[in-house]
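This briefing concerns the overall architecture and the interior of one protein chain. Please view the sequence alongside the structure while reading.

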Amino acid sequence: MVKAVFFDIDGTLVSFNTHQVPESTVKAIGLLREKGIKVFIATGRHVMAINNLGNLEFDGYITLNGSYCFAGKDEVIYKHPIDDKDIEALKKYQEQQEEFPCIFVQESAMYLNYKDKTVSEVLELLNFPEPPHSPLREIPQNEVFQLIAFFGEGQEERIMQYLPGCESTRWSPLFTDVVPAGGSKKIGIRKVLEYYNLSVDEIMAFGDGGNDMEMLTYAGTGIAMGNADDNVKRVADYVTDSVDEDGIYNALKHFGIL
């Protein structure tokens, strides 16, 4: 019996075309809650940047790809920052070898070293609020939980070797989410399950990006959106329709949840 459902945001709950949650998805989430099934967010976004879910209510939030997790809206149940040594190594790399735009995501703030055409394109695609700009050495020395790094796949191996305590969770050719090694939405889900005393067999998860793959393979039932990359579809238990074609509602009907 399914007792909880986890949802990615961009490309899953929210359309890249309209920047909105389809009405069928709003209806589906309402019906899940009426049936007593818990609903959770599992996103790469910072909680401050979750600006596209309207009035929908959720039982908890896995944010920053599992690095910062909430029960409800306010109770922090897990957080895992990047090692300060890796942050310092990244700053030195940028100063001495190769500069690229990067958003430093902290507990209650985000900072962008500089913006270029790629950053503008991604912010527009995701309807993502533009963080304040700050030179690298002027960014406050607080814990960093995620780096949104705007370098391409061809640069990834070279740059990531300077961040031994991190791993890349790429879901776009334009940028990658850099998180602490061993961190993922899977880990965030595990922490939520422990908190609510749920088992992995009692959950479903929906996603569309490369950073959703571990989540989909971990969940009792992992569902890829029709607009997902082929690599994501291959690891899913089921492939539904796209976000713009009522994919979430249709999948929940298919499995008899609604």
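The points below cover the fold, the surface and the nonpolar interior.

The model is a predicted one. Its protein chain contains 8 helices and 13 strands. Of the 258 residues, 54% are buried.

**Overall dimensions**
- A compact globule of 258 residues would have a radius of gyration near 18 Å, and the protein chain, at 18 Å, therefore agrees with that expectation.
- Along the principal axes, the C-alpha atoms of the protein chain occupy a box of roughly 55 × 35 × 30 Å.
- Considering contacts between residues at least 6 apart in sequence, 57% connect residues at least 24 apart.

**Surface and charge**
- The protein chain exposes an accessible surface of about 11,300 Å², and carbon and sulfur atoms account for 45% of this area.
- There are 40 negative and 23 positive side chains in the protein chain.
- The centres of these two sets of charged side chains are separated by 3 Å.

**Nonpolar interior**
- The largest nonpolar core comprises 45 residues.
- Within this core, the residues with the most contacts are F7, L13, L53, F58 and F206.
- Once neighbours within four places in sequence are set aside, F58 is in contact with F7, L13, I29, R33, V39, F40, I41 and L53.
- Another core, of 21 residues, lies apart from the largest one; F40, C69, Y78 and L193 are among its members.
- F40 thus appears in two of these descriptions: F40 is in contact with F58, and F40 belongs to the core of 21 residues.

Conventions
Residues numbered from 1 in each chain as written. Predicted model: local features only at pLDDT ≥ 70, side-chain atom pairs only at ≥ 80, totals over all residues. Heavy atoms only, no water. Helix = DSSP H or I, 4+ residues; strand = E, 2+ residues; numbered from the N terminus. Rg over C-alpha atoms; globule rule 2.2 N^0.38 Å. Buried < 20%, exposed > 50% of the residue type's maximum accessible area, 1.4 Å probe, protein only. Contact = heavy atoms within 4.5 Å. Areas by Shrake-Rupley, 256 points an atom, 1.4 Å probe, with all protein chains shown as cover. Lys, Arg positive; Asp, Glu negative; His and termini not counted. Charge placed at Lys NZ, Arg CZ, Asp CG, Glu CD. Core = buried A, V, L, I, M, F, W, Y, C linked by side-chain atoms within 4.5 Å.
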